[in-house]
Amino acid sequence: MKRVYLFGGLGFILAFFIVFIARGIFLDDQTVHYHANFALYVNEKQETFDSSLFYEEVQSCSSENENDPKTRTHMHNNENHVVHVHDSAVTWGHFFANLGFGLSNNSITTDEGTFVDGQNGKKLTFFLNGQPVQSIANTVINSEDTLLVDYGAGKDIQSKFDKIPRDAHEHNTKPDPASCSGSDDLSTKDKFLKVIKFWE
Ligand SMILES: [Zn+2]
Ligand SMILES: [Zn+2]
């Protein structure tokens, strides 16, 4: 009879550890983190996003404030051409909204105003991965995408596009500890707490 209790106890402990390990692996798999590159020009002037307000602290990559939409996509470290994506189904519209900008298929709102396609003979152009596209706001950001948004005469689209630094791939492959780096976003302690929270 004693032996039954012993095996029962061991079984329980074993089951606990299996679930514990499985959850650890599962949580790792769930972590989304990839990068894209972009540039925005308004009236032939590139938006340089100089204010630190456009950049998120590394803490905002973590899942501690999961309900804050800003954690899903943002920029870091004053790199004004790198989009960090931390969730699935994140669109370019979400990204611009998190910068405090507005993006629709026929207008862009920056901190300097709203610019409408066709107004004063000016054009809003979206150029994604070397191809013009009609709409972008509801397009999901894909890893290593390169997007140019241009409002103006519609000139030099290709050369503006070519000038965008292509370092999304580098950000994807290299851990960037100064920025946000994948599953390392959660500290070991956070991860442990998440793993043992069965009720979530
Ligand atoms: Zn981040
Ligand atoms: Zn990142």
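Donors are N, O and S atoms within 2.8 Å of the metal (3.2 Å for Na, K and Ca), and water is not among the atoms, so sites may look incomplete. In this predicted model, the donor residues of the zinc ion (ligand 2) follow the spacing H-x1-H-x48-H in sequence.

Residues are numbered from 1 along each chain as its sequence is written, while chains are lettered from A and ligands numbered from 1 in the order in which they are written. Because the model is predicted, local features need pLDDT of at least 70 and side-chain atom pairs count only at pLDDT 80 or more, whereas totals for chains, interfaces and linings use all residues; side-chain values use heavy atoms, with hydrogens and water left out.

## The zinc site

The protein donors of the zinc ion (ligand 2) are His33 through NE2, His35 through NE2 and His84 through ND1, and they lie 1.9 to 2.2 Å from the ion. The zinc ion (ligand 1) is 5.0 Å from the zinc ion (ligand 2). Both His33 and His35 are buried, where buried means under 20% relative accessible area, exposed means over 50% and partly exposed lies in between (1.4 Å probe, protein chains only).

## Overall composition

The protein has five helices and ten strands; helices (H or I, at least four residues) and strands (E, at least two) are DSSP runs, numbered from the N terminus. Of its 200 residues, 39% count as buried. The accessible surface of the protein comes to about 11600 Å², of which 56% belongs to carbon and sulfur atoms; these areas come from the Shrake-Rupley method with a 1.4 Å probe, and for residues only the protein chains shown count as cover. Among the contacts in the protein with a separation of 6 or more, 64% are between residues 24 or more positions apart, a contact being heavy atoms within 4.5 Å.

## Strand pairing

Strands of a sheet pair through backbone hydrogen bonds, either parallel or antiparallel. Here two strands are taken to pair if DSSP finds at least two bridges between them. The table lists three pairings together with one facing residue pair for each.

| Strands | Sense and bridges | Facing residues |
|---|---|---|
| Strand 8 (residues 123–128) and strand 10 (residues 146–152) | antiparallel, six bridges | Phe126 and Val149 |
| Strand 8 and strand 9 (residues 131–133) | antiparallel, three bridges | Phe127 and Pro132 |
| Strand 6 (residues 107–110) and strand 7 | antiparallel, four bridges | Thr109 and Thr114 |

Strand 8 is mostly covered, with five of its six residues buried. Strand 8 and strand 9 form a hairpin with two residues between them, and Asn129 in the turn has a positive phi of about 50 degrees.

Val133, which belongs to strand 9, is partly exposed, with a relative accessible area of 27%. If its neighbours within four places in sequence are left aside, Val133 is in contact with Phe126 and Leu128. The C-alpha atoms of Val133 and Asn105 are separated by 9.9 Å, although these residues are 28 residues apart along the chain.

An open sheet of three strands has the order 5-6-7, with antiparallel pairing. Its edge strands are strand 5 (102–103) and strand 7, each of which pairs on one side only.

## Aromatic side chains

A pair of aromatic rings is described by the distance of the centres and the angle of the planes. Rings of Phe, Tyr and Trp (its six-membered ring) pair if their centres lie within 6.5 Å, and planes under 30 degrees apart count as stacked, over 60 as edge-to-face and the rest as tilted. By this rule the count comes to ten aromatic pairs.

The rings of Phe38 and Phe49 have their centres 5.7 Å apart and their planes at 50 degrees, so this pair is tilted. The pair links distant parts of the chain, with Phe38 in strand 1 (residues 34–42) and Phe49 in the loop between strand 2 (45–46) and strand 3 (73–74), eleven residues apart. Phe38 is buried, with a relative accessible area of 1%, and Phe49 counts as buried at 1% relative accessibility.

The pair of Phe115 and Tyr151 is likewise described as tilted, because the ring centres are 5.4 Å apart and the planes stand at 50 degrees. Phe115 in strand 7 (residues 113–116) and Tyr151 in strand 10 are 36 residues apart, so that this pair too links distant parts of the chain. Both Phe115 and Tyr151 are buried.

Ring pairs also link Phe38, Phe49, Phe54, Trp92, Phe95, Phe96 and Phe101 into a cluster.

Charged groups lie over two further rings, and a charge sits over a ring if NZ of Lys or CZ of Arg is within 6 Å of the ring centre and within 35 degrees of the ring normal. The charged end of Lys160 sits over the ring of Tyr41, 5.2 Å from its centre, and Arg166 lies over the face of Phe161, at 4.5 Å from the ring centre.
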